[in-house]
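Visitor: I am new to this structure and would like to know how its descriptions are justified. Could you show it to me and then take my questions in turn?

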Amino acid sequence: MDDRRAGRLVGTVLKCYPARWRSRHGHEATELAALLIQDGTPAGSIACSYLAGAAREWLTPRPGRRLSTVACALLAAACALGISAGLLTPTVPARAASTGQPHARAHCRPGPARSVAGVSPATGRSHLIIWTAGHGRFC
Amino acid sequence: MSGRDSRAGPDVLRRVGEASVLILISLADGPKHGYALIQDIRELAGVELGPGTLYGALDRLERLALIESLPADDRRHPYRITAPGAAALREHLDSLERVSAAGRLRLRLGGI
């Protein structure tokens, strides 16, 4: 990564700190990052360290900071995590976890039920499978 | 600095983490700014202190009144250990020494 891009990356991450912190340490932190990059420290590792520091800075209660600010920061972090988890999780387990009545699709409307006796391969015990419109479920 | 933390009890350094202890040790022989601290700690303990960790620890130590920031030269703020900071460091190092001696003794007694 060239120096200009590294500087931009660090500058962006430093914007994540509270304004109070930036006014106190901002210039020095930028200069320190430049010196560390000159020494051969990867810009990504410096950015990660500053990012973790910014998160700690927001989440640490301060005498002058209102609780609502901390709560908002926590809520934003939780939302970001929730959105990420929502994007990553497939929809089928979410439906399976639902406690409401399953919404039957057009192709799997309940039909006449019929029972079939069988043996579970996992337990070796006999069980009854009820076939409903072609979908078998263990009972 | 406003918002000083007055909860500094006996051996306060047990609660502040390794980075803060290393910073105090580095400042024990004279004031230093951030870059000098990182370099000194690398030589002293072989620990690579990230800049985010450094500033977090400096703020915490300053709130506990264990260090103080000196007027900036150019853009850099040098930091200096305070008298309570030196006392806390001495107490912590004494405690570590006692634990270390006990550990060595037990290793000898155990014949390991």
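Visitor: How do you know that the span of helix H1 (residues 3–14) of chain A agrees with what is expected of a helix?

Guide: The expected span is 1.5 Å times one less than the number of residues, so the twelve residues of H1(A) should span 16 Å, and the end C-alpha atoms are indeed 16 Å apart, which agrees. Helices such as this one are DSSP runs of H or I with at least four residues, strands are runs of E with at least two, and both are numbered from the N terminus. Please bear in mind that this is a predicted model, in which local features need pLDDT of at least 70, side-chain atom pairs count only at pLDDT 80 or more, and totals for chains, interfaces and linings use all residues. Residues are numbered from 1 along each chain as its sequence is written, while chains are lettered from A and ligands numbered from 1 in the order in which they are written.

Visitor: Which residues of H1(A) are buried, and what puts them on the same side?

Guide: A residue is buried if 20 or more other C-beta atoms, placed from the backbone, lie within 10 Å of its own, exposed if 12 or fewer do, and partly exposed in between. In H1(A) the buried residues are A:Ala6, A:Val10, A:Val13 and A:Leu14. They cover an arc of only 100° around the axis, which puts them on the same side of H1(A); the arc is that of the directions from the helix axis to the C-beta atoms. The face turned away from this buried side carries the exposed residues A:Arg4, A:Arg5 and A:Thr12.

Visitor: What do the buried residues of H1(A) pack against?

Guide: They pack against helix H2 (19–38) and helix H3 (43–59) of chain A, where contact means that the C-beta atoms of two residues, placed from the backbone, lie within 7 Å. Leaving aside neighbours within four places in sequence, A:Val10 is in contact with A:Thr30, A:Ala33, A:Ala43, A:Ile46, A:Ala47 and A:Tyr50.

Visitor: What makes a nonpolar core, and which residues of the largest one touch the most other members?

Guide: A nonpolar core is a set of buried Ala, Val, Leu, Ile, Met, Phe, Trp, Tyr and Cys residues joined through C-beta atoms within 7 Å. The largest has 37 residues, of which A:Val10, B:Leu24, B:Leu58 and B:Leu61 touch the most other members. Its largest share, six residues, comes from H3(A).

Visitor: How many residues does each chain bring to the contact between chains A and B?

Guide: Chain A brings 19 residues and chain B brings 13 residues. H2(A) gives the most to the side of chain A that touches chain B, with nine residues.

Visitor: Why is B:Ala65 called partly exposed?

Guide: B:Ala65 has 17 C-beta neighbours inside 10 Å and therefore counts as partly exposed. B:Ala65 is found in the loop between H4 and strand E1 (67–69) of chain B, and it has a positive phi of about 65° although it is not a glycine. Most residues other than glycine have a negative phi.

Visitor: And why does B:Ala19 count as partly exposed?

Guide: B:Ala19, which lies in helix H2 of chain B, has 19 C-beta neighbours inside 10 Å and so counts as partly exposed. Not counting residues up to four places away in sequence, B:Ala19 touches B:Leu49, B:Thr53 and B:Ala57.
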